Structures are given as C-alpha cells and as structure tokens.
Amino acid sequence: MGRFSIPFAGVLLLCWLVSSSEAEYLKYKDPKVPLNDRISDLMKRMTLEEKIGQMTQIERSVATPDVMKKYFIGSVLSGGGSVPAPKASAKVWVQMVNQMQKAALSTRLGIPMIYGIDAVHGHNNVYNSTIFPHNVGLGVTRDPVLIKKIGEATALEVRATGLPYTFAPCIAVCRDPRWGRCYESYSEDPSIVRTMTEIIPGLQGDIPGNSIKGVPFVAGKNKVAACAKHYLGDGGTNKGINENNTLISYSGLLRIHMPAYYDSIIKGVSTIMISYSSWNGKKMHANRKLITGYLKNKLQFKGFVISDWQGIDRITSPPHANYSYSVQAGVSAGIDMIMVPFNYTEFIDELTHQVKKNIIPMSRIDDAVTRILRVKFIMGLFENPLADLSLANQLGSKEHRELAREAVRKSLVLLKNGKSIKKPLLPLPKKSAKILVAGSHADNLGYQCGGWTITWQGLGGNNLTSGTTILEAVKQTVDPATEVVYNENPDVNFVKSNKFSYAIVVVGEHTYAETFGDSLNLTIAEPGPSTITNVCGAVKCVVVLITGRPVVIQPYLPKIDALVAAWLPGTEGQGVADVLFGNYEFTGKLARTWFKTVDQLPMNVGDRHYDPLFPFGFGLTTNLTKY
C-alpha cells in the first residue's frame, strides 16, 4: 500500500485543485453570462428537492433560518398585517429579511429567496409609510403620469424596508360594487384599468426598447418586481360575491377582464397572481386553458405565475378537502409558485410524491423553476441579495406625502354643489365666524385609509400610523380667526343653537378587506345617516363620503347642499381640504357608475337599462377664477 501513497496523494491534490477551480467559477453566478445560459447552468445543478423549494412560498412567521435551509425555500411573504414587530422601523425589517436571506444563501447552490408583500396603496403594512389613495380613487384621476410616480414612490418605500417584490397592481375590473374588493379596482371600464397599468413601469422601471415581449423587467435595486392580479375575472363575480363565479362568455371575458393583462405583459410585469374566483364554474386556480394555454402560450408571458394565499387549497369545496387533487390541479394548470403559506411540508411532500410517480411531469417543474429563476436573475437578486438601509429615508418622505396629497386632490369627485346652480357652496370660504366639522370619519385616520392598512382589515382611530385627518386639515387651512368646532354626532339643537356659517360632514364606510367587505345593502355606516340628517337639516352643509365604492346616498340628497366623493384617500387628508377650500379645483370624474338603489346592480356604463344617480364620467368642477 505504501508505495502508492505519493502518486495517490498527487491525484487527490489534482482533483482538489480542479474542484476548487470549479467552485471559484460558477457560470450561473456570473452576471456577464447571457440570462438563458445562467438559468440552464443552474437548472442542471439542481435536485428535485431544490426545485420544489423554489416553487414554495411561505409566510414570514414560519420562515426560520433552519426552515429556509432545510427545505431550500424560494420565497417568503408577509400576509396582511404580518410584521416583524409593531411599528417596526426600516432597520428592523431589513434585519429580518437579511436573516432569512443569509439562510437561503447558505444552501448548496446559494439561490436567493424573494420576499413579497401587499404594497397595494403605498407600503401599507409598514408604520410611518405614505398611504396613497386606494385604486378606486386613483382611477378617477385618469392620470397615467401620476400613477407611474406613485409606483416609483412605492418601490422606494418597499425597498427602504429591504423587500424586492409587491403583490400589486390589482387590475380587476369591478363590475359590481357589492364586491368587497371593489376599492382595489381602478374602474368598471377596462380602458381606464389599462391606462392605470402605467404603475408597473413605476414599480419596476421602464422596459428597454429592445425587450422581447413577455420577458419580465426590473431595473435594479431601487425598483421592485410587480404582480398583476387576479387572473382572471375576479371583478365580475355573480352579485359581487368575493371568490365566487364569473358568469360571462369567452368573448366577454377577453373584452372586459383580459385587456389590462396585455398591457401589463407588454410593460414587463414580472409575476401574475391567479384569482380565487371561477369562470363559468371552473376554478381559475385549476384552469389550464387560461393559465398555460392563453397566458403563457398565446400571450407569451415569461415571468412566473403565483397562486393566491392558500389558493390551491380552495380549488376544492370545502378548502383543503382533497389536497392531493389541489396540488395536481394547480401545478398542472401552470401555477409556478404556490403561496402555501403555512403547511409547507405537506405541499413539498405531496408535490415530490406526484413528480416521482409521474403524475406531474418533470417538464412542468422545470418550466416553473425556470420562470422563477428568470425573475430572480433579471432583477439582480443574485448580485445584490442582501438589503441595506441606504433608502431608509424614503419611508414616508415629505416628497412622497406631497405626491399622495396631489393624488387625493385629483381623486375627489364633486357630485353636487349648491341646491341651485346659481348658488354653489364650494369652494368654502376660509374666513368665517364659526364652522362645524362633524361625522364619524372626520377625525379618523384609519377610516380614511381603509382596509389593507397596517393590518389586513384596516383599523379605526388615529393610532395606527402617521398622517393628517380631514379635521386636522380643515384646521390648518382656514383663516386663524375662524373658529372650528368638532362634534362627531351632534343633535339638531346643538347645530341650530350655535349659528354655524356652514358645516362639513364626513361619513362613510368602516374598514374592510376581501369577503368581509361584501355587502348587499351598500349603506353608510351608522351614525352617518343621522349625522347628515341632523346637521344638513339645520345649516348649509357639504357631505364628504369616505367609502370604497358608491353607496346609497339618494335618500339624503335633497338635504345636502354639496356632495363630494373622497373614496379612501389615505394618510394625506390635507388633499381634501386643499380642494374644499379652493386652493385647487375639482377635476375628478367618476370611474364608476353611481347607482340610485342596490336593486339596479349590477349596472355599468354601456348597459341597455342604464339609469344611474350619477353616470360614469360625471364630475362637477369649481371655476376658481370666479372667486
């Protein structure tokens, strides 16, 4: 044995030198190598276990470093309101994300994970961020330049906390305001929704002119991957019931619900999320024809397709009744990344079993992982996987709050101004003896922001984050000599005895998200109606509605002197006062039809029996040159 030891040692040394030189150069880690070569090099090295890990997205609360390493987890998310700590700073967010990322990078191939969050009207889960108006208000502006700037600002605030991916924009076409997600939709009109896809280049950066159609694009560390959602027909469900059945012909589906996806793909959207809803009885999460056939093959979408939260579980009724079938149906339909989000071992074990048994072909797994890696490579995650605090000052910055204030001004719709045209109430005089501000929503930042703010369902009150309520904005706008009296729900005697010059009544809906917002009656929350009656019956009043959709207002309209739809304006309430008091004109035009009674619903512009209270496109202006 001894005489072979020296040559054998030499062979070992040679092998070590070769292997170490290989370790020093990995083609997939070289940014100079063409994208497709990087992807194929990495794919060749990956085991089935590592591939399925890439397809798995888990919730922050279960994403320990050990889990990230053991299961090769490819993605983490924050569910609505899921934060590292209450009122967490950018530093706390960055530390959390980097801890998870370091675990992902410590695996054999060092593939970075991608962290996603619902930044749907600004970076809305994060304390002290700028909360922009919800989409229902932004659609009113019909302003693609503004929406792109909002995308840019949101990207900076999301990156400020170390996150590279947002589940936005929602490009639903809400056809029935009874739907609890209608405020997440820009309009009932697909052409307005198409215009608003300009938020995508705001979030991701402008796609280069020589880009191949369908290939995603993210322009570096100041931008985030976007997600167009929810594919397809989410806004068209029967009676507006969330996650329900969209009954429409194939041509109708393509004409109303598909167009904004064409624009999103042309603009380089990185990911597309599938809808919980069904189309003519077929669950979208299991619809291979529309996901693989149309989205991937016909539209040539090259990013990755992601499920919604427990989306494959809900293929069956009740959810999770047959998880094996759910995994098979969802993955076979063409979903690439599964938002599990908690029971990751069950998903991983089931998918592994189905691949090994040839129930799901390896080619389907390879398609999914290729798409996920494509997005990660394109956005530079391999070169810059770890977050830093270089953008921390962008969170809730003055510049972003000014932009949100502009968005508020442009989203307001003036529906009535004076009981006669010759006697308009708006703009309000800043100098008056005494004015009343009333209503449950006048001094309530949470109501003003709506759902998907700090928590999933939203919060009432003024302790959730920093911002300006409408009451505070009024006080900052009027002449110092004007006495502002605030009474949330005054009785008639109080109003009459105080001899107010005029009153501002701010009422609306309480916060909600998704199914919790489904409503068959669409009424203003109590005591809003009685506040309107008590105040507007006794003094000249403007009613400001804080709602996520049109609501029943016709019974109160004769009492009201002026009526403003302010939707869900977000943290910058000063934008409301800017327009009420004439610093800026009203310019907003309804992007939704305002019904007379709920019995008329669904009713959309272009319908044969169209008899609205205020039609689509309606909006009065204030001619400030007269004042």
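His230 is found in strand S5, which covers residues 227–231, and in this predicted model the peptide bond that joins Lys229 to His230 is cis, with omega at about -5°. A second cis peptide bond runs from Leu601 to Pro602, with omega near -5°, and Pro602 is found in the segment after helix H21 (574–580).

Beyond strand S5 the chain enters the loop between S5 and S6, which is the place of Glu243. The phi angle of Glu243 is near 65°, a positive value in a residue other than glycine, and Glu243 is partly exposed, with a relative accessible area of 22%. A positive phi is also found at Leu522, where the angle is near 50° and the residue is again other than glycine. Leu522 sits in the loop between strand S15 (502–508) and helix H20 (528–536), and with a relative accessibility of 0% Leu522 counts as buried.

Strand S6 leads to a small piece of sheet architecture, in which three strands form an open sheet in the order S6-S8-S9, with mixed pairing. The edges are strand S6 (245–246) and strand S9 (282–283), each of which pairs on one side only. Strand S6 and strand S8 (residues 278–279) run parallel and are joined by two bridges, and Thr246 stands opposite Trp279 in S8.

The nonpolar interior can be taken next. In soluble globular proteins, nonpolar side chains tend to be buried together. The largest nonpolar core here has 186 residues, and Tyr231, Leu580 and Trp594 touch the most other members. Helix H7 (residues 144–160) gives this core its largest share, namely eight residues. Around Leu580, when residues up to four places away in sequence are not counted, the residues touched are Leu426, Pro427, Leu428, Ile504, Val542, Val544, Val564 and Phe586. Apart from the largest core lies another core, of six residues, among them Leu522, Val552, Phe595 and Val598; the Leu522 named here is the residue whose phi is near 50°.

A buried residue of another kind is Gln354, which lies in helix H14 (residues 344–356) and counts as buried at 1% relative accessibility. With its neighbours within four places in sequence left aside, Gln354 is in contact with Ser324, Val327, Gln328, Ile359 and Ile360.

Charged side chains add another set of links, and a search of the whole structure finds 27 salt bridges. One of these is local: the side chains of Asp41 and Arg45 meet in a salt bridge with a distance of 3.1 Å from N to O. Because Asp41 and Arg45 are four residues apart in helix H2 (residues 35–45), about one helical turn separates them. Asp41 is buried, with a relative accessible area of 11%, whereas Arg45 is partly exposed, with a relative accessible area of 31%.

Other salt bridges reach across the sequence. Asp367 forms one with Lys296, and the closest N and O atoms are 3.0 Å apart. Since Asp367 lies in helix H15 (residues 362–378) and Lys296 in helix H12 (residues 288–298), this pair ties together parts that are 71 residues apart in sequence. Asp367 is partly exposed, with a relative accessible area of 27%, while Lys296 counts as buried at 5% relative accessibility. The two residues also belong to a network of salt bridges that links Lys296, Asp336, Arg364, Asp367 and Arg371.

A further salt bridge joins Lys419 and Asp561, whose closest N and O atoms are 3.9 Å apart. Lys419 lies in the loop between strand S12 (413–417) and strand S13 (434–438), and Asp561 in the loop between strand S16 (541–546) and strand S17 (562–565), so the pair ties together parts that are 142 residues apart in sequence. Lys419 is exposed, with a relative accessible area of 52%, whereas Asp561 is buried, with a relative accessible area of 9%.

Key:
Residues are numbered from 1 along each chain as its sequence is written. This is a predicted model: local features need pLDDT of at least 70, side-chain atom pairs count only at pLDDT 80 or more; totals for chains, interfaces and linings use all residues. Side-chain values use heavy atoms; hydrogens and water are left out. A salt bridge is a side-chain nitrogen of Lys or Arg within 4 Å of a carboxyl oxygen of Asp or Glu. Buried means under 20% relative accessible area, exposed over 50%, partly exposed in between (1.4 Å probe, protein chains only). Contact means heavy atoms within 4.5 Å. Two strands pair if DSSP finds at least two bridges between them. A nonpolar core is a set of buried Ala, Val, Leu, Ile, Met, Phe, Trp, Tyr and Cys residues joined through side-chain atoms within 4.5 Å.
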